[in-house]
Amino acid sequence: MSLAQRRILLGVSGGIAAYKSCELVRRLRELAAEVRVVMTEGATQFVSPTTFQALSGQPVRVSLWDEQAEAAMGHIELARWAERILIAPASADIIARLAHGHADDLLATVCLASAAPLYLAPAMNQQMWAHPAVQANVTLLRQRGAHVLGPADGEQACGDVGSGRMLEPHELRNALQSSFGGGVLDGLHVLVSAGPTYEDIDPVRFIGNRSSGRMGFAVAEAAAQAGAEVTLVAGPVSLATPAGVAQRIDVRSAAQMHAAVLDAARQADIYIAAAAVGDYRPNEVSAQKLKKLDGAKLALQLSENPDILTSLSTQPEHPFLVGFAAETHDVADYAQDKLRRKGLDMIAANQVGDGLGFEAADNALQLYWADGAVELPRAAKPELARQLIAQVAVRYRASRR
Ligand code: C5P
């Protein structure tokens with residue numbers, strides 16, 4: 001992983017989002033980054049230095065005037081040690097002090113004394129974030145090369161709704177990871193299909209399914225973060241295009257998805273089919289709204305849609321193919337059968353129901369390929385997507401050897 005042995009200085013300033021930075025340290029450590037934490041006095045009102053010490057495995061520094069700590073690693077040495085400085089949360093106060101070149105505490109001093117790229121993850125009340133003084137300071141820091149990550153919109157700890165929430169730990173970790181380059185999918189073109197398909201019956205009705213598209217969108221985002229050029233073919237979903245996705249093609253029906261995927265696959269090295277494609281479509285789409293048949297049974301004639309993955313796997317040249325299998329029972333058997341039947345390189349199987357799978361925030365996956373398997377335990381979809389991408393990258397490289 002590109003964060004292994006990377007030296008990250010995490011600055012924590014005073015704000016309720018400081019609790020999220022504990023999780024951030026864990027996530028950085030998971031990828032074997034070296035993390036040293038510097039807190040402002042204010043930050044220690046929210047989280048104790050002991051917590052960060054336990055999570056980072058390193059002494060935490062707060063004061064410039066700590067003789068013992070200075071003897072072990074002076075603040076200038078610490079500033080030189082860092083390859084990246086990330087301040088999360090970055091309060092309005094630290095942003096102002098940095099913008100004006102203050103050196104009135106350890107964190108501000110280290111930032112001045114370091115040549116490392118500076119990343120800021122602002123977190124504050126939406127009114128504060130919108131204040132012209134804060135915006136002017138942020139603009140100044142940006143002009144000097146600081147990278148500002150977020151903030152996100154949404155509900156805030158103070159009850160307000162607006163812009164000012166700190167980005168989630170995994171988003172900050174991913175930003176740091178991509179800042180080092182060398183992603184596992186660098187130079188590759190990845191095609192992802194996501195969401196449901198709608199098969200129209202008449203102008204107001206359709207046959208659809210419960211796919212939210214969230215897993216596929218998370219996969220597209222994770223692939224982009226891993227350095228791939230990503231094309232996302234999306235069924236009807238109400239999701240924003242993930243950061244870093246180069247191209248999005250919106251479709252509605254299985255036939256449209258089939259055409260869009262086959263076309264985009266010509267440029268793709270890897271195709272990840274996370275869409276829940278309708279297996280059948282009405283034989284004909286009524287031009288007018290169908291009327292109720294007073295008591296009589298209505299029969300819809302359906303015909304089968306072509307399988308997109310099989311259409312690709314039967315072509316002489318095709319991308320590395322990753323399918324999904326959402327099953328309510330006998331997951332392993334059905335998945336392995338699908339892997340063979342559809343001619344896939346890999347399949348990601350999941351159990352649907354029990355709060356997992358469709359419409360849920362979490363998922364769990366079992367991955368199978370011709371001669372191996374691995375289990376990705378229950379996690380939030382973005383995290384799971386990242387793990388899936390790491391596995392896909394390994395199998396893809398193995399297949400090209
Ligand atoms: O056969 P089943 O629909 O369960 O297979 C699921 C996998 O096959 C998913 O990866 C899905 O995107 C893909 N699929 C497809 N074309 C279809 C139906 C499903 O590529 N017509």
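Which helix and which strand each supply at least two residues of the shell around the ligand? That is where I would like to begin, and I should say at once that what we have on the screen is a predicted model. The elements in question are helix 12, spanning 308-313, and strand 16, spanning 320-327.

Let me go through the shell itself. The residues around the ligand are Ala273, Ala275, Val277 and Asp279, then Pro306, Asp307, Ile308 and Leu309, and after those Gly323, Phe324, Lys338 and Lys342. Sorted by class, this shell has seven nonpolar residues, one polar residue and four charged ones.

Several backbone atoms come up against oxygen atoms of the ligand, and I will take them in sequence order. For Ala275, a backbone N or O atom lies 2.8 Å from a ligand oxygen. For Leu309, a polar backbone atom is 3.0 Å from an oxygen atom of the ligand, and for Phe324 the corresponding distance from a polar backbone atom to a ligand oxygen is 2.8 Å. As for how much of the ligand is covered, the ligand taken alone exposes 450 Å², and the protein buries 87% of that.

Strand 16 will return in a moment, when I turn to the aromatic rings. A pair of aromatic rings is described by the distance of the centres and the angle of the planes. How many aromatic pairs does a search of the whole structure find? The search finds two. One of them joins Tyr198 and Phe206, whose ring centres are 3.8 Å apart and whose planes meet at 15 degrees, so this pair is stacked, the cut-off being under 30 degrees. Phe206 is partly exposed, with a relative accessible area of 37%.

The other pair is made by Phe320 and Tyr396, with ring centres 5.8 Å apart and planes at 85 degrees, and it is therefore edge-to-face. Because Phe320 sits in strand 16 while Tyr396 belongs to helix 14, residues 381-400, this pair ties together parts that are 76 residues apart in sequence. Both Phe320 and Tyr396 are buried.

Now to the strands that come before helix 14 in the numbering. Strand 18, residues 362-369, is mostly covered, with seven of its eight residues buried. Strand 18 pairs with strand 17, residues 346-351, in the antiparallel sense over three bridges, and in that pairing Ile347 stands opposite Tyr368 of strand 18. With strand 19, residues 372-380, strand 18 also runs antiparallel, and here seven bridges join the two. Asp362 stands opposite Ala380 in strand 19, and the connection from strand 18 to strand 19 is a hairpin through two residues.

I will finish with two individual residues. Is Ser253 buried or exposed? Its relative accessible area is 15%, and because the cut-off for buried is under 20%, Ser253 counts as buried. Ser253 is found in the loop between strand 12, at 247-250, and helix 11, at 254-265, and its side chain reaches the backbone nitrogen of Gln256 at 3.1 Å.

Glu304, by contrast, is exposed, with a relative accessible area of 58%, and this residue lies in strand 15, residues 302-304. Glu304 and Leu9 are 295 residues apart in sequence, and from C-alpha to C-alpha they are 56 Å apart in space.

Note on methods. Residues are numbered from 1 along each chain as its sequence is written. This is a predicted model: local features need pLDDT of at least 70, side-chain atom pairs count only at pLDDT 80 or more; totals for chains, interfaces and linings use all residues. Side-chain values use heavy atoms; hydrogens and water are left out. A residue is near a molecule or strand if one of its heavy atoms lies within 4 Å of it. A polar contact is a pair of N or O atoms within 3.5 Å; within protein, one must be able to donate a hydrogen and the other to accept it, and residues adjacent in sequence count only if both atoms are side-chain atoms. Accessible areas come from the Shrake-Rupley method with a 1.4 Å probe; for residues, only the protein chains shown count as cover. Helices (H or I, at least four residues) and strands (E, at least two) are DSSP runs, numbered from the N terminus. Ala, Val, Leu, Ile, Met, Phe, Trp, Tyr, Cys and Pro count as nonpolar, Asp, Glu, Lys and Arg as charged, and the others, Gly among them, as polar. Buried means under 20% relative accessible area, exposed over 50%, partly exposed in between (1.4 Å probe, protein chains only). Two strands pair if DSSP finds at least two bridges between them. Rings of Phe, Tyr and Trp (its six-membered ring) pair if their centres lie within 6.5 Å; planes under 30 degrees apart count as stacked, over 60 as edge-to-face and the rest as tilted.
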